[in-house]
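Please read these notes beside the model. They are meant for a first look.

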Amino acid sequence: MPSRGVTIATAAAAVIAVAIAAGAVVNAAGDRMPAAAPVSSSTPAIVADGVRLRFDPRPLAMPDGATRPVRSLLETRGAMRFGDFSWSEEGVPPGPVWVRVDLSKQLISVFRGEHEIGTAVILYGTDGKPTPTGNFPILARAVHHRSSLYDAEMPYMLRLTHDGVAIHASAVQAGAATHGCIGVPEAFARHLYGAVRRGDPVAILPA
Amino acid sequence: MGSNGAKGGGRRRWTGMSQRTRRRLAAAGAATLLAVPALMVAGHGTVVERALAAAIADPASILSARSPGSRGAAGALTQTKLKQTKPRYAKSGVRRTPGPRERVLGQARTRPTGALPLGDAGDPVIGLPLDIPAGALGGIGDAAGPIGPGVVPFGGTPVTGIGVVGGGGGGGGGGGGPTDPVVPPVSVVPEPSTWLMTIVGFFAAGIGLRRRRSATGRRAAA
């Protein structure tokens, strides 16, 4: 009888050991899943880590009808409100910086390479003084800028056109608008100013 | 794991079974146990992610989800600069001449065009500096002369309609695709092996308890 009990205990231990080993194998496979999934490419994996959503390169529409590939977007908790922004460069490799402004969604997105590093809710021009759409390289940058046209402070200004349209810090509130500039929250403007250089492209999609 | 573990009436049934049947049952139980994590992984890999992929069809939909919505006709014409400029005018004693009915910014000054201060713009006549990925977003200005070495595929994956001209200075291409940053995704759902360990642990505890109980019962009987 005791020998039988020992046999059963041994068998149970063996089963448990096998189960643990299988679990380890399965776990390792699970860890490899996100990397292995793109190979199949029929069902691309989307990985969310709380900061950004990563996926296979997907085309993002640009104003001229072309697209640019994007591999990750920042994760926001639901819809952003006026004055909200998000910025995270963590783990994003160096690459060319480009900015995409979507007037219809009232959003700006800053990309480095194929990864989004910043996003914010924007203000844009009124119907009478609309924000121009299209592609613009950044012509000039200035931390302290005072609009001589409107006698107003425009910190962290990134000029886009030769007639003065720029991206700059402003009080981003619901119901507000600009005279053609793109207004972003000041803290976001500081990040943006630090991220871009003269000549970096800014794409503005129409409202 | 069979002979000892049984409920009151079950014991007779268990002991009544042949050794072979018991073994078969044990094997079936183990197989079920082992199949659980495999099923979970399968579900994790396909069902969940497929649902997620369907929900997030393209990047634009993610952007739409975070957007505060489009600006309606209503709230677009609020004055923003007047509050700042009003006290300044009051202090200086300058009378504001009634300008055009501008409801967004304060009084616009009339000044000759072309005399705008350009900050650190340098010479605007030059246009694009050399390190601009010209045409990266489609034709900016005159895209007649591509500056870079040629069309560089972005990230190693062909995407329609993108002609990215590699910027001068080597920064543009980024070496044929940026390496994915290694950030292990932390899932809310416990790993399959965690589940497995939990289940196995419960089984082990149960077996241990049953064995001890039956052993003491035998000793008492003897």
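The points below cover confidence, strands and salt bridges.

1. Confidence. This is a predicted model. Chain A has a mean pLDDT of 83, and 79% of its residues reach 70 or more. Residues 32-41 of chain A are a weak spot, with pLDDT below 50. Beyond near neighbours in sequence, that stretch has five contacts in the model. Where pLDDT is low, the predicted coordinates should not be read in detail.

2. Strand E7 of chain A. Start with residues 115-121, which make up this strand. Seven of the seven residues are buried, so strand E7 of chain A is largely enclosed by the rest of the structure. Two pairings of this strand are worth tracing, one with E4 and one with E6.

3. The E4 pairing. Strand E4 of chain A spans residues 85-87. It pairs with E7 of chain A in the antiparallel sense, over three bridges. Look for A:Phe85: its opposite number in E7 of chain A is A:Ala120.

4. The E6 pairing. Strand E6 of chain A covers residues 107-112. Six bridges join E6 to E7 of chain A, and the two run antiparallel. Within this pairing, A:Ser109 has A:Thr119 as its bridge partner in E7. The two strands form a hairpin with two residues between them. In that turn, A:Gly113 has a positive phi of about 65 degrees.

5. Strands E2 and E3 of chain A. Which strand pairs with E3 of chain A over seven bridges? Strand E2 of chain A, residues 52-61, does so in the antiparallel sense. A:Leu53 has A:Leu73 as its bridge partner in E3 of chain A. E2 and E3 of chain A also form a hairpin, here with five residues between them. A:Gly65 sits in the turn, and its phi is positive, about 90 degrees. As for burial, eight of the eight residues of E3 of chain A are buried, so this strand is largely enclosed by the rest of the structure.

6. A salt bridge from strand to loop. Over all chains, the count comes to eight salt bridges. One of them joins A:Arg71 and A:Glu114, with the closest N and O atoms 2.6 Å apart. A:Arg71 lies in strand E3 of chain A, residues 67-74, and A:Glu114 in the loop between E6 and E7 of chain A, so the pair ties together parts that are 43 residues apart in sequence. Are these two buried or exposed? A:Arg71 is buried, with a relative accessible area of 14%. A:Glu114 is buried too, at 0%.

7. A salt bridge between chains. A:Glu116 and B:Arg66 meet through their side chains in a salt bridge of 2.8 Å, N to O. This pair crosses between chains, from strand E7 of chain A to helix H3 of chain B, residues 59-66. A:Glu116 counts as buried, at 0% relative accessibility. B:Arg66 is buried, also with a relative accessible area of 0%.

8. A salt-bridge network. Which residues are linked with A:Asp102 in a network of salt bridges? They are A:Arg100 and A:Lys105. The side chains of A:Asp102 and A:Lys105 meet at 3.3 Å, N to O. A:Asp102 is buried, with a relative accessible area of 5%. A:Lys105 counts as buried at 17% relative accessibility, because the cut-off is under 20%.

Conventions
Residues numbered from 1 in each chain as written. Chains lettered and ligands numbered in written order. Predicted model: local features only at pLDDT ≥ 70, side-chain atom pairs only at ≥ 80, totals over all residues. Heavy atoms only, no water. Buried < 20%, exposed > 50% of the residue type's maximum accessible area, 1.4 Å probe, protein only. Helix = DSSP H or I, 4+ residues; strand = E, 2+ residues; numbered from the N terminus. Pairing = 2+ DSSP bridges. pLDDT = per-residue confidence, 0-100. Contact = heavy atoms within 4.5 Å. Salt bridge = Lys/Arg side-chain N within 4 Å of Asp/Glu carboxyl O.
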